[in-house]
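Colleague: I have some labels to check with you. Let us take them one at a time.

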Amino acid sequence: MLRLTEVRLGLHHREAELKAAILRALGIPEPELLGWHVRRRGYDARKSGEILFVYTLDVEVRDDAALLNCLHHSHHVTQTPDETYRYPVQAPAGLKTRPVVIGTGPCGIFAGLSLARMGFRPVILERGKSVRERTQDVWGLWRERRLNPESNVQFGEGGAGTFSDGKLHTGIKDRGHHIRQILKDFVDAGAPEEILYISKPHIGTLRLVKVVERLREKILELGGEIRFESHVTDIVIENGAVRGVTLANGEFIATGHVVLAVGHSARDTFEMLHGRGVHIEPKPFSIGFRIEHPQHLIDACRLGKHAGNPVLGAADYKLVHHCKNGRDVYSFCMCPGGQVVAASSEAGRVVTNGMSHYSRNERNANAGIVVGITPADFGSDHPLAGIALQRRLEEKAFESGGRNYNAPAQLVGDFLAGRASAGPGSVIPSYTPGVTWTDLGTSLPDYAIAAIREAIPAFEKSLKGFAMHDAVLTGVETRTSAPIRIARNDNFESVNVKGLFPAGEGAGFAGGIISAAVDGMKAAEAVAQKILRM
């Protein structure tokens with residue numbers, strides 16, 4: 001097959017127009033065209049008032065070699081590459097060694113699925129509950145202010161990404177075609193087929209629940225074992241090598257190979273690892289607030305006269321500003337037509353995140369507006385100092401919110417003017433269980449407040465209305481990524497503990513569903529290859 005790129009058509013084109021465009025681009029008569037499928041579809045909105053779909057297509061013709069020779073001068077026609085992912089090894093029959101995977105977020109699920117497909121029958125341990133039981137606990141916080149520290153937005157089957165927008169795009173390079181395999185697995189598990197080709201695929205929270213359950217079923221069918229409410233409280237290390245894990249109930253599971261896929265909020269696990277001498281380094285992350293605008297305002301700014309077009313859906317944005325004080329402020333995890341959610345995992349602390357369903361049809365758009373910080377800002381050179389900073393900010397938000405899991409909130413106009421807010425304006429905050437109107441000016445370090453106050457008017461230049469008085473800021477956003485990195489070598493193994501394979505967001509090597517899943521697959525490959533070398 002041939003890959004054809006940069007095929008541009010109007011928003012409401014018909015299938016016949018796409019076929020005609022293919023024939024024109026290749027310069028062939030209709031009988032020579034045997035078929036095609038869409039490899040990628042995005043849209044270009046750079047020209048004012050005009051939006052075009054931009055296609056990449058894999059095309060089947062009668063004689064692709066001859067046609068490719070005729071079009072050798074074209075940058076838009078090439079041989080379709082082989083994008084098949086191939087597992088590197090298979091376990092021999094009767095292998096008794098069973099690796100352990102800790103965590104069932106995207107990293108843990110795809111590490112476990114990969115090990116199961118290669119025949120290694122992994123034991124997967126999750127401190128939280130299965131995704132449906134976990135959902136009930138999440139609603140317990142959102143509706144009744146009842147936090148379960150072991151089952152919440154951060155912990156449980158599916159990981160933190162389950163209660164997010166379900167974004168599936170990433171900027172990582174992937175020469176091994178892991179991403180393609182992950183997307184196919186999602187589709188096989190019930191995700192919409194469009195995620196295989198649209199430029200910014202997402203699933204949404206409700207659909208993710210079903211997808212996660214079906215991925216679990218696949219792992220079990222392949223011989224894997226998944227145990228919920230199995231909190232790993234210790235990793236037994238002898239002579240610099242893993243010997244097993246201990247659960248909160250005292251059970252010991254012997255293993256020489258552990259994929260650590262605990263996510264960015266497993267603070268007690270990081271403390272345990274540090275106490276066991278595992279090499280951990282502090283890592284930059286970001287802090288800030290969630291900002292909410294009417295979704296129709298964002299649609300109008302980004303899509304113009306095409307705002308509200310169901311073909312395009314709710315518009316998103318991506319913003320960055322370099323501040324006078326040397327800080328960078330940027331939008332993070334933008335959720336079109338979504339809501340701001342309570343994402344606490346520790347009692348007496350408040351933290352926010354954003355979420356969208358597949359339809360993205362809620363009234364508000366929201367995004368994190370966050371400031372990059374480095375270990376120099378943590379106030380200590382201790383490897384876990386970033387966690388201590390996160391906790392201080394979340395405790396302050398809990399106090400400002402009224403000590404009942406309300407989040408502190410402020411109107412953008414009042415924030416810019418440095419005065420407290422008394423109540424909402426035209427934008428109704430979506431955070432549940434509720435917000436407490438206050439002054440967010442003391443919620444973050446002074447340098448972060450100054451940077452955000454500079455950035456919001458600057459963003460107004462790109463998105464008219466971004467600095468509107470009634471837009472809502474809700475605090476705080478502190479879990480943008482892990483504040484630590486568990487150092488590993490080129491074989492994905494801890495630099496000082498053999499058999500420990502730190503992976504995903506919690507280990508500091510990923511950011512988002514897809515990059516975490518890819519890292520989990522690569523860690524699984526490394527574990528499998530090491531087992532077979534023994």
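Colleague: What makes the lining of the second largest cavity count as five nonpolar, one polar and two charged residues?

Modeller: Start with the names, and keep in mind that this is a predicted model. Thr104, Ile109, Ile124, Glu157, Val212, Arg216, Ile219 and Ile226 line the second largest cavity. Ile and Val count as nonpolar, and Glu and Arg as charged. Thr falls among the others, so Thr104 is the polar one. That gives the split of five nonpolar, one polar and two charged.

Colleague: Which element gives the largest share of that lining?

Modeller: Helix α6, with three residues. The space in the second largest cavity is about 40 Å³.

Colleague: Why is that space called a cavity?

Modeller: In a cavity, a 1.4 Å probe fits but cannot get out. The search of the whole structure finds two cavities of 30 Å³ or more. The largest cavity has a volume of about 80 Å³.

Colleague: What lines the largest cavity?

Modeller: Its lining includes Pro106, Ile109, Phe110, Leu208, Val212 and Ile513. Gly158, Gly161 and Thr162 are in the lining too. Both α3 and α6 supply at least two residues each.

Colleague: What makes three of these lining residues polar?

Modeller: Gly is counted as polar here, and so is Thr, so Gly158, Gly161 and Thr162 are the three. The lining has eight nonpolar residues and no charged ones.

Colleague: How do you know that the second largest pocket is a pocket and not a cavity?

Modeller: A pocket is an open set of points, whereas the probe cannot get out of a cavity. The second largest pocket holds about 630 Å³ of space. Of its 23 lining residues, the closest to the centre are Tyr43, Ile198, Val311, Leu312 and Arg360. Strand β2 gives the most to this lining, with four residues. By class, the lining has 11 nonpolar, five polar and seven charged residues.

Colleague: Back to α3. Why is α3 called mostly covered?

Modeller: Buried means under 20% relative accessible area. In α3, 11 of the 12 residues are buried. Among them are Cys107, Ile109, Phe110, Leu113 and Leu115. The buried residues pack against several elements, including β5, β6, α5, α6 and α12.

Colleague: How do you know that the length of α3 fits a helix?

Modeller: The expected span is 1.5 Å times one less than the number of residues. For the 12 residues of α3 that comes to 16 Å, and the helix reaches 16 Å from its first C-alpha to its last. Just after α3, Gly119 has a positive phi of about 90°.

Colleague: And what is the reach of α1?

Modeller: Helix α1 also has 12 residues, and it reaches 17 Å, close to the 16 Å expected. Its buried residues are Leu18, Ala21, Ile22, Leu23 and Leu26. They pack against β1, β2, β3, α2 and β4. Gly27 follows α1, with a positive phi near 65°.

Colleague: What makes both faces of β18 covered?

Modeller: Ala407, Ala409 and Leu411 are buried on one side, and Pro408 and Gln410 on the other. That is five of five residues buried.

Colleague: How do you know that β18 pairs with β19 and β20?

Modeller: Two strands pair if there are at least two bridges between them. β18 and β19 share three bridges, in the parallel sense. Three bridges also join β18 to β20, and these run antiparallel. Ala407 stands opposite Val435 in β19. Leu411 stands opposite Val472 in β20.

Colleague: Where are the cis peptide bonds you marked?

Modeller: One runs from Thr432 to Pro433, with omega near 20°. Pro433 lies in the loop between α10 and β19. Another joins Gly475 and Val476, with omega about -5°. Val476 is in strand β20.

Colleague: Why is Glu6 called partly exposed?

Modeller: Its relative accessible area is 39%. Partly exposed lies between 20% and 50%, so the label fits Glu6. Glu6 is in strand β1. Its phi is positive, about 60°, although Glu6 is not a glycine.

Colleague: Is Tyr405 buried or exposed?

Modeller: Tyr405 has 11% relative accessibility, and the cut-off is under 20%, so it counts as buried. Its phi is positive as well, near 70°. Tyr405 sits in the loop between α9 and β18.

Technical notes
Residues numbered from 1 in each chain as written. Predicted model: local features only at pLDDT ≥ 70, side-chain atom pairs only at ≥ 80, totals over all residues. Heavy atoms only, no water. 1 Å grid on protein atoms, 1.4 Å probe; cavity = no way out; pocket = protein on both sides within 12 Å on 5 of 7 lines; lining within 4 Å. Points joined across faces, edges and corners; volume = space filled by probe spheres on them. Buried < 20%, exposed > 50% of the residue type's maximum accessible area, 1.4 Å probe, protein only. Contact = heavy atoms within 4.5 Å.
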